[in-house]
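This briefing concerns charged side-chain pairs and their setting in a protein chain. Please view the sequence and the structure below before reading on.

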Amino acid sequence: MLLSMAFPALFGVLLITSPPAVTTGTPPSKDVVASVNGVAIKRTTLEASLQAARLNPLLFGSPLPRSPEETAKVVLDQLISAELLAQEAKKKGVAVSDAEVDASMKQTKAAFKSEADYEATLKENRFTEADIRADARRQIAIKRLFEKDLLPNVPPIDDATAKGFYDTNPYQFTEPEENRIAHILVIVDSDFDAKRREKARQKIEQVVADLKSGKDFALLAKSVSEDDGSRDKGGDVGWVVRGEWPTEFVTAANALAKKGDVSGVVTTRFGLHVLQLVEKHPAKLLPYDDKLKREIVAFLDRKRQEDMALDYVDAL
């Protein structure tokens, strides 16, 4: 199991995106990547955090940069911010009991298959259990600091704000168009020579001609389609949405307007297709009901807390 999954406290939502923090103390070395008021951030911690970022970018609240160097900078800035918050919590006397740390460690270990798996992950990432306990204590302290200094000052999201967000961001609440499609496939692999490609082309052109002459699509699919998964169902592949099918396939599906409409020949990485529209669900704006309002309020409340957290860190 990867460290990012095993030790979520190290990389959780309290590690907020922020501008680079000013650091003082000993300069970085081979084993230390930053020093925050004399407290070292170890290279092992940065490497484990980078591993977490690559595995689950959503933990970091926004898309990560493409280049490894920029990603490392973003993650390091977050570790620096977390250390600043931990120091502020200590300065304000935020206390964390051993029982709370024990409970956090119990949750951490429960994410592993066994104690041996836990120990192996510690060793692989050059952490000790003392490191993990210390970080758990820090993260609990940071959470308590936020609960004391930040959350009481976060203004609630009222109904007008939630409805305004819904009205001005309709694309976020629109279910995409869906098309239920049947297709006839003639496979063309990348290693086909010119002769086999031409044979495939002739076969799909014959399909087009047969359909134009009035032959039934489903029966034709059952007799000539090379898609084993849909052939026995008359070519029916179900609902087609963008992101789950090749772009060319989805574009051709979306261009079909009425039930029974048939496309021309469509080329994808799988080969040559002819599509038929079985059923269409147009794009639909979700209604602004109580359930959606609660979701919007929760989203905006988190966003407001994050913005205030950034200001809080900047002021340290």
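With which residue does Glu-279 form a salt bridge? The partner is Arg-180, and the closest N and O atoms of the two residues are 4.0 Å apart. This pair joins distant parts of the chain, since Glu-279 belongs to strand β7 (residues 271-281) and Arg-180 to strand β4 (residues 178-187), 99 residues apart. The model is predicted.

**The chain as a whole**

- The secondary structure consists of 12 helices and eight strands.
- The chain has 316 residues, of which 38% are buried.
- Of the contacts between residues at least 6 apart in sequence, 70% are between residues at least 24 apart.
- The exposed surface of the chain is about 18,200 Å², and carbon and sulfur atoms account for 55% of this area.
- The count of salt bridges comes to 24.

**The pair between strands β7 and β4**

- Glu-279 is partly exposed, at 34% relative accessibility.
- Arg-180 also has a relative accessible area, 29%, that makes it partly exposed.
- Both values fall in the partly exposed class because that class lies between the buried limit of under 20% and the exposed limit of over 50%.

**A pair within helix α4**

- Lys-73 and Asp-77 form a salt bridge in which the closest N and O atoms are 3.3 Å apart.
- Both residues lie in helix α4 (residues 68-91), where they are four residues apart, about one turn of the helix.
- Is Asp-77 buried or exposed? Asp-77 has a relative accessible area of 8% and is therefore buried, the cut-off being under 20%.
- Lys-73, by contrast, is partly exposed, with a relative accessible area of 47%.

**The pair Asp-228 and Arg-231**

- Asp-228 and Arg-231 form a salt bridge, with 2.9 Å between the closest N and O atoms.
- Asp-228 has a relative accessible area of 59%, so this residue passes the cut-off of over 50% and counts as exposed.
- Arg-231 is partly exposed, at 23% relative accessibility.

**A salt-bridge network**

- Which residues are linked with Glu-88 in a network of salt bridges? They are Lys-91, Lys-92, Lys-148 and Asp-149.

Key:
Residues numbered from 1 in each chain as written. Predicted model: local features only at pLDDT ≥ 70, side-chain atom pairs only at ≥ 80, totals over all residues. Heavy atoms only, no water. Salt bridge = Lys/Arg side-chain N within 4 Å of Asp/Glu carboxyl O. Helix = DSSP H or I, 4+ residues; strand = E, 2+ residues; numbered from the N terminus. Buried < 20%, exposed > 50% of the residue type's maximum accessible area, 1.4 Å probe, protein only. Contact = heavy atoms within 4.5 Å. Areas by Shrake-Rupley, 256 points an atom, 1.4 Å probe, with all protein chains shown as cover.
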